[in-house]
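Got the viewer open? Let's take a walk through this one, one selection at a time.

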Amino acid sequence: MKIDRTTARRSTFTSLALVSALALSACGSMTESTQAGGEEGGIEELNIVVPADPGGGWDQTGRAMQKDLQDTELVSNASVVNVGGAGGTNGLAQLATETDPNTLMVMGYVMVGAVETNNAASRIEDTTPIARLTEEPLVVVVPADSPHQTIDDLLADIEEKGQGVSITGGSAGGADHILAGMVLKDAGIAPDSLNYIPYSGGGESLAALLGNKVNAGISGVGEYAEQVKAGQLRALAVSGSEPAPQMPEVETLSDQGIDVVLTNWRGVVAPGSIDEAKAEELTALVTELHETDAWKATLETNNWGDAFLAGDEFDTFLDEDITTVKQTLTDIGLL
Amino acid sequence: MDNFLALMDGFAVATQPIYLLYALGGVLLGTAVGVLPGIGPAMSLALLMPITYSLEPTAAIIVFAGIYYGGMYGGSTTSILLNTPGESASIVTALEGNKMAKAGRGASALATAAIGSFVAGTIATVLLSFLAPVVAVFAVQIGPVEYVALMIVAFLTVGALLGSSMLRGLASLGLGLFIALMGVDALTAQQRYTFGSPFLADGIDVVLVAVALFAVGEALYVASRLRHGPIKVIPVTGGWTKWMRKEDWKRSWKPWLRGTFIGFPIGTIPAGGADVATFVSYASERKLARGENKLQFGKGAIEGVAGPESANNAAAAGVLVPLLTLGIPTTATAAMMLVAFQRYQIQPGPLLFETNGALVWALIASLYVGNLMLLVLNLPLVGIWVKILQIPRAYLYSGILVFAALGAFSVNFTPIDVIILLIIGVFGFFMRRYGYPIAPMVVGLILGPIFENQLRRSLAISQGDPIALISSPVAATIYVALIVIFALSFWLRRRQRQFESTDIDSTPSGPANDEVKA
């Protein structure tokens, strides 16, 4: 492998920079909100609150936004603060006391459920919705040597055996669990027939599926895609309104007669205390970000579906989502 | 042999000067991060990921591998010297390591940890290179039911940690199990013992508890003794020839190897992880020790450092087996590695070796390289590190307190954690004052949730039928082996007693304990 000199030099520099990077990143994630001086046009300093520890999907979204907003000079300085824990409700609590209007908090479907199951004091309704940005559909899979060939086979089996059929996936009350509840409800199966075995993430539930310990699994398309490709798992249906790019041959639930569309979406909200003008300004900023090539590239590299929805439409969508999630969580006995 | 050729190709890539430099950067960072309590390898990978976006995939993956192995090395240093474990896998090292440091044998402890990590890391990487596909097939057979069996084995071996008073040991264990209950229940999403506070919703971090009990508790204890007389400076062993005496080598090599063969398989099991491996290794070393050496346990036995330190490095390599061959992340750090791979459109999973073989072999080769670098890097540093202990105690312990508080804060960047640290620290002081061992509490905190969740998953899958717990062939084998071993050990002990009563000269020897291998 040959490396031309400029790249080599740049790489050397990067590796040196890496050594000092830890301290810097640690400081970066601790950066307190800096008050932006009352500028009129444009946002100079933007705070991005990530209501999770570094590393997860929300963190990646927040940091991708930070990078793209700065690279495209939509804002001159964006900082990311991680407020992890409790399914994002700790971050939500912090946002409620945020005084800097130039603040966006990353959130998504998982938070909608977490607010309910944690019975959190600060709610999503108390924030100012700005926009939905990305989404990832879920996929229902069975182990390769499972007798079930279609989602109907699986549902028929659940109808017959009830809790004898176990379904695994991510944490209790999360998107995977909720999808299981919604599919069963649509198929007219009693919710107490659902035997859901939660793991802390889709990745961990894989082991139970590959070892044939459970009958089916639900998780984000990305988490099971590789095993589906290798023929270790069989995908029965995806949960988006269209087939997923990673497994285009797998039909959606709606195509198979189950009227359920659920995607694990992520978006941003602002503090509830901001005025209308500020809300419009932030919405315009995020809309501009969405149109940049940098953001398109970000969606591409991360395999995130574009689910842009802003303003009142996002507001309405959010309200509907909260109602459905609450209903489903009640049905499956978590509330 | 194909694997061997592929590995050689990997070496050809990994030993290019520029990649060696990246590996060096990675291991330096990893060591630095491992030293800090609170910031574990998982969080450092997450924080560093954006910086590596500008690197090409091979370079980035090599940096990550360096951080990963480096973090495992670095964790031991503060455990041994300051009784402040940096991450959960080095908690056990503090038990004997810090006692050694206080007896002036800090350098030996650091040296055996470094060499043991190297030996274990190298052997485990060889196992990873050639056995990965075979091991991976076995690993997915370990489901909830089998895990319950393994946890029962773990709890029984850990009995050795309970200390001289069974009752106090059990009280401490129970307390750990109780703290483990705090937070959102994984299976029903209901909160337990959180008093409605969102800050307790995720439970209390085990590193936080360990740092509070070990470091803060001890700092308070030392402070409470200050008025009882002048404070001695901890002696430090002389030149590097004294670090590892002949006897230290003799006592270390077996624990290194045992630690490796305990750590690697436990690391490969989904939901295994390095911390469980260190406990099992410690417990087995303690049981296997004979005579004079056995008495040293609790007072600074070198086996208690050599074993667990090897085990955690071997487990670190083991964790890569399900990650690379099945795409299953079994620890938080592995999950971060998975995210890092995905950033470069590389999907770890069954097809990884076919689609990105060259890169994977370069990664594995760089693990060998990084391991060697860490040894070369860490051994000379031993002499510098131990100098820390010559700081007068009053200053040393106030420094430890600051360090511990900083670490607690950096777990989640919330001041609440510092308050929790102090509360548990005060608690740790009283436990020490009244002779309650603290190790069982940490054990309960780590093993409790695994046992509970796996047991409940097993019963949920079987719809409450307890027979399922013993009907799986793997689990049944484990239970039978356990019963046989216990029966055998009782029999041996009786034989031994009869033997001793007839022959007074006989050296005391304990029962054979192979249950670790189960």
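**Stop one: a loop in chain A**

Start by selecting N303(A), which sits in the loop between α10 (293-302) and β10 of chain A. Keep in mind as you zoom in that this is a predicted model. Check the backbone here: N303(A) is not a glycine, yet it has a positive phi of about 60 degrees. Is N303(A) buried, exposed or partly exposed? Count the other C-beta atoms within 10 Å and you get 18, so N303(A) is partly exposed; buried would take 20 or more.

Now step along to A307(A), in strand β10 (residues 305-310) of chain A. A307(A) has 19 other C-beta atoms within 10 Å and is partly exposed, since the buried class begins at 20. Which residues does A307(A) touch, leaving out those up to four places away in sequence? Select R132(A), L133(A), T134(A), E135(A), T263(A) and W265(A) to see them. Add A131(A) to the selection too: A131(A) lies 176 residues from A307(A) along the chain, and their C-alpha atoms are separated by 9.4 Å.

For another positive phi, go to N212(A), again about 60 degrees and again not a glycine. N212(A) belongs to the loop between α7 and β7 (216-220) of chain A. It has 14 C-beta neighbours inside 10 Å, so N212(A) counts as partly exposed.

**Stop two: all of chain A, then its contact with chain B**

Zoom out and colour chain A by secondary structure: there are 11 helices and 10 strands. Of its 335 residues, 55% count as buried. Take the contacts in chain A between residues at least 6 apart in sequence, and 75% of them join residues at least 24 apart.

Next, show both chains and pick out where they meet. Chain A puts 60 residues into the contact and chain B puts in 58. On the chain A side, α1 (5-30), α2 (57-71), α3 (89-96), β6 (195-198), α7 (202-210) and α8 (221-229) each supply at least two residues. Which element gives the largest share of that side? Highlight α1(A), with 14 residues. By residue class, the chain A side splits into 25 nonpolar, 27 polar and 8 charged.

**Stop three: chain B**

Hide chain A and colour chain B in turn; here you'll find 20 helices and 2 strands. The C-alpha atoms of chain B fill a box of roughly 60 × 60 × 55 Å along the principal axes. Its radius of gyration is 23 Å, which agrees with the value near 24 Å for a compact globule of 518 residues. Buried residues make up 56% of chain B. Of the contacts in chain B between residues at least 6 apart in sequence, 80% join residues at least 24 apart.

Now isolate helix α5 (residues 91-139) and helix α15 (residues 357-386) of chain B, whose axes come within 9 Å and cross at roughly 180 degrees. That crossing makes α5(B) roughly antiparallel to α15(B). To see the contact, show side chains including G106(B), A114(B) and F118(B) on α5(B), and Y368(B), L375(B) and W385(B) on α15(B). The residues of this contact divide into 15 nonpolar, 8 polar and no charged.

Last selection: E354(B), in helix α14 (residues 352-355) of chain B. With 9 other C-beta atoms within 10 Å, E354(B) is exposed. Draw a line from its C-alpha to that of Y19(B): the two residues are 335 apart in sequence and 23 Å apart in space.

Methods
Residues numbered from 1 in each chain as written. Chains lettered and ligands numbered in written order. Predicted model: local features only at pLDDT ≥ 70, side-chain atom pairs only at ≥ 80, totals over all residues. Helix = DSSP H or I, 4+ residues; strand = E, 2+ residues; numbered from the N terminus. Rg over C-alpha atoms; globule rule 2.2 N^0.38 Å. Buried ≥ 20, exposed ≤ 12 C-beta atoms within 10 Å, placed from the backbone. Contact = placed C-beta atoms within 7 Å. Nonpolar A, V, L, I, M, F, W, Y, C, P; charged D, E, K, R; others polar. Axes fitted to C-alpha atoms, helices over the stretch in contact; angles between N-to-C directions. Parallel < 35°, antiparallel > 145°, perpendicular 65-115°, else oblique.
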